[in-house]
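Reader: Could you take a close look at the side-chain contacts in this model, starting with the aromatic rings and going on to the charged pairs?

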Amino acid sequence: MGIVNTGPTLRETAEKCCKKVYIGAAVLPKPLFVLDYDDEHDDPNEGICDENLKEKPTSNNGRPKIKCATVTTVEPNDPIAQSCLTRYAHVLSTEFNSIVIEHHLKWAPLCHSIPGPIHQSAPPTTRLGKYDFHHVDTMVDFALQHNMHVKGHVLVWHVTSPPFLEEMSGDQVRECVRRHIRTTMGYFRGRIQMWDVVNESLASDGTLVENVFYRKMGPDYIEECFRMAHEADPQAFLIYNDNKVEGCGIGYEDGSGTSMSQHNDKPSGKAAPNQAKADGFYNLLKDLVRKGAPIHGAGMQAHFNAGGVKHQRPPTPSMVKRQIRRIGQLGLKVNISEMDVRVSKLPNSDADFKNAAQTQIYRDILSAALSEPAFEGIWLWGFTDRHTWVNNFYYDDAPLIFDEHYQRKPSYCGLQEALNTLCPGGCVGEMTGGAKQKCYLEEDSNSHGVPWGSEWMQPEPENSENECDTTKEGQPDWLQPL
């Protein structure tokens, strides 16, 4: 059961913070503009669910329920909201001060797999150099009309690049990338002022993925892409984004892959769940800064699995704080870029248990992040369980802070409590359980040896190796063994 949507919004809370904090969400065009089965515009309290509609597949108007809309588009015959906002749009614009385009600004959707306002059943095209910004335009305009910032996602990611790149020579791919960056950034220049330039270029061992850009352009393609992006819009804030890079273990801050305590005859520190990749992330950023590449920020995705083990295990707050701190020391800003928290794999099926675990992760991870000066904001990968990519790419889950009926969940309160740590009267770094738990800001266990998250964190299996890892070949995270 959700929490009644009363009291300050996340956006209002962020405005009270002692520094500028982005609180954003990934958005999708269909629920943003198309009336769903339970959108009722005669209710002034838009976003509060009508109990009588919760289980109905259609409303009195006969509108069908919009299914999870991760990769769908607005079609010609869809019932577009005219005089009022959809419930999705209302909650988005009142709760968040920023958006990121979840899917439709990626390269292939712009010119290959989603042919704009044409019916989505149309076959893919090979429109090299011919772009359709229709869907993205509508989302960007909506955000700007509601005084929201926009983050562009993403210019270069091998998973969502047009397949015809494989048929080109290295010089042709380089020129195609340059044209794509100039076309996309040029079109939105002045409207989108921050960009994820390159996404997920690292394998699980921290080395570069041997993707189409690596093979065609060489290992320096990331630096090249940042220079191209800066040329396209010298005023834009440019970000490198990756997943499973959120934590750094105690003693691993130098990025060497071994605990510094080993060199000082001290007990070895504890590595983060994906320490090798986190080190690769840090070293990649460090190298880009050393070379003078025009990079300004780093995005850590934070797709967490509360019931995960091995490479799926969530990092602790102190690990996240440590990772942000060392990246900040490079002179870069840091954001949590795609956060959601899956809970369906926890062995306890009790809803309160799952809510408690999810809430603690949201609250404590964000509290730790906000305690670092280099940290500037968080984007959720969606905001309602009605429309989450997890259901399309993983399994049925409820990873976000609003339920399927747009009601605030306990995790919403956890996120808001984290923001409150930077508001007047707040305590920076305070976590679940109050000031007595602040020890988890720097350590993984308290003075009694109790680890953070011990109530729900799962024990590691005897076999700690990650079997069948195919990230080096460019396979995305959701195709890896769970």
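Author: Tyr 187 is partly exposed, with a relative accessible area of 37% (buried means under 20%, exposed over 50% and partly exposed in between, with a 1.4 Å probe on protein chains only). The model is predicted, so to be described here a local feature needs pLDDT of at least 70 and a side-chain atom pair 80 or more, whereas totals for chains, interfaces and linings use all residues. Residues are numbered from 1 along each chain as its sequence is written, and side-chain values use heavy atoms, without hydrogens or water.

The ring of Tyr 187 pairs with that of Phe 133, and since the two centres are 4.3 Å apart and the planes lie at 15°, the pair is stacked (rings of Phe, Tyr and Trp, the last by its six-membered ring, pair with centres within 6.5 Å; planes under 30 degrees apart are stacked, over 60 edge-to-face, the rest tilted). This contact links distant parts of the chain, for Phe 133 belongs to the loop between helix H4 (107-111) and helix H5 (134-145), while Tyr 187 belongs to helix H6 (residues 170-187), 54 residues apart (helices, of at least four residues, and strands, of at least two, are DSSP runs numbered from the N terminus). Unlike its partly exposed partner Tyr 187, Phe 133 has a relative accessibility of 9% and therefore counts as buried.

The stacked pair of Phe 133 and Tyr 187 belongs to a set of 17 aromatic pairs found in a search of the whole structure. Elsewhere, ring pairs join six residues into a cluster, made up of Tyr 88, Phe 96, Phe 383, Phe 402, Tyr 406 and Tyr 412.

Turning to the charged side chains, the count comes to 30 salt bridges (a side-chain nitrogen of Lys or Arg within 4 Å of a carboxyl oxygen of Asp or Glu). One of them joins Asp 385 to Lys 409, with 2.8 Å from N to O. Asp 385 sits in the loop between strand S9 (375-380) and helix H12 (389-393), and Lys 409 in the loop between H12 and H13, so that this pair too links distant parts of the chain, 24 residues apart. Asp 385 counts as buried because its relative accessibility is 4%, and Lys 409 is buried as well, with a relative accessible area of 7%.

A salt bridge also joins Lys 30 to Glu 75, whose closest N and O atoms are 3.9 Å apart. Lys 30 lies in helix H2 (residues 29-33) and Glu 75 in the loop between H2 and helix H3 (87-95), so the pair links parts of the chain 45 residues apart, and both Lys 30 and Glu 75 are buried.

The side chains of Glu 430 and Arg 363 meet in a further salt bridge, at 3.5 Å from N to O. Because Glu 430 lies in the segment after helix H13 (410-420) and Arg 363 in helix H11 (residues 351-370), this contact ties together parts that are 67 residues apart in sequence. Here the two partners fall into separate classes of accessibility: Glu 430, at 22%, counts as partly exposed, whereas Arg 363, at 10%, counts as buried.

Finally, charged residues can also be followed beyond single pairs, since a network of salt bridges links the acidic residues Asp 220, Glu 223 and Asp 287 with the basic residues Arg 227, Arg 290 and Lys 291.
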